[in-house]
Amino acid sequence: MKLRDEWVTYDSGGAGVRAYQAWPDHGDEPLPAVVVIMEIWGVDGHIQDLVRRLATAGYLACAPELYSHGSLPPALSQERIAAVKAFFETVPPAVWQNPAERDAAAAKLPEKQRTLLQETMGLLFNPNRPWDRYVGDLRAAVRHVQAHPRAKGTRVGSTGYCMGGALSGRLACAEPALAAAAIYYGAAPSADQIPNIRCPVMGFYDGGDPRTTEGVPAFAGAMKAAGKPFEHHVYPGAPHAFFNDERRSFRIGPSRDAWARTLAFFARHLAA
């Protein structure tokens, strides 16, 4: 299918946020919309590909670059982030979440390369992320796609991955207009916010990574207690980021199943 795609800047509380969006270049009927929420790597090639895949499936898809609020820091450019991803492919996955081990591995690099790498890693793995600002930018993205000529009057959903998975859940808590939310291996929203969810939620989890999966039973219980629709799937042995086909963690079987379920989920709740 022929697509139209573009980078745009939309307003969020008086600040500009860049976003990559795509939609089918066919007909003029209104299209349901999906806000695609990035991993910590920003709107990289993988996220752009997912935007186009959703557009091919018949949606207006939009991925906000959440690091670009106001302006994108040079240390979070795609070139700098790509250098961090390349570095991580050379070390065991356990190193990624351990600052001391990350620094020890980076110490083996030439000084200039190490300095740039550590600056970018410090921002990517910042424990004090501006979660509220991210959610505000995502709510503004919902308004942005609702105003698009091809999506006026249609339903809007969200899907997110890792950090973006957590944000997809938080967006469901904060945005009454959201009609469906998919969470890929993201942390659950806080229990006190779950009663605010007004849309069905579907989760996909990496059975080989307890950091996110061990919280799923409590999340499912809280959703049931609050009377909120929640369907979830845990893929035994699948590593974190099993859906990212640009990384060594990619697993075809779980990804195929999750993608089919995601499209069916959006077809039920967005395209009706």
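Reader: How many bridges join strand β5 to strand β6, and do these strands run parallel or antiparallel?

Author: Strands of a sheet pair through backbone hydrogen bonds, either parallel or antiparallel. In this predicted model, β5 (residues 156-161) and β6 (residues 178-184) run parallel and are joined by six bridges; glycine 160, for one, has isoleucine 183 of β6 as its bridge partner.

Reader: What is the strand order of the sheet, and which strands stand at its edges?

Author: The sheet is open, has eight strands with mixed pairing, and follows the order β1-β2-β4-β3-β5-β6-β7-β8. Because β1 (3-12) and β8 (230-235) each have a single partner strand, one side of each is left without a neighbour in the sheet. On average, and with direction ignored, neighbouring strands are turned by 20° against each other.

Reader: Which strands does helix α9 touch, and which does helix α5 lie across?

Author: Helix α5 (residues 131-146) lies across β1, β2, β3, β4, β5 and β6, and runs at about 125° to β1. Helix α9 (residues 252-269), which packs on the sheet, touches β3, β5, β6, β7 and β8, and its direction makes about 170° with that of β6.

Reader: At what angle do α3 and α4 pack, and how should that angle be read?

Author: The angle between α3 and helix α4 (residues 111-124) is about 160°, with their axes 10 Å apart; since angles over 145 degrees count as roughly antiparallel, α3 is therefore roughly antiparallel to α4. The contact involves Arg102, Asp103 and Ala106 of α3 together with Arg114, Leu117, Gln118 and Met121 of α4, and these residues divide into three nonpolar, one polar and three charged.

How values were computed. Residues are numbered from 1 along each chain as its sequence is written. This is a predicted model: local features need pLDDT of at least 70, side-chain atom pairs count only at pLDDT 80 or more; totals for chains, interfaces and linings use all residues. Side-chain values use heavy atoms; hydrogens and water are left out. Axes are lines fitted to C-alpha atoms, for helices over the stretch in contact, and angles run from 0 to 180 degrees between N-to-C directions. Helices (H or I, at least four residues) and strands (E, at least two) are DSSP runs, numbered from the N terminus. Angles under 35 degrees count as roughly parallel, over 145 as roughly antiparallel, 65 to 115 as roughly perpendicular and the rest as oblique. Contact means heavy atoms within 4.5 Å. Ala, Val, Leu, Ile, Met, Phe, Trp, Tyr, Cys and Pro count as nonpolar, Asp, Glu, Lys and Arg as charged, and the others, Gly among them, as polar. Two strands pair if DSSP finds at least two bridges between them.
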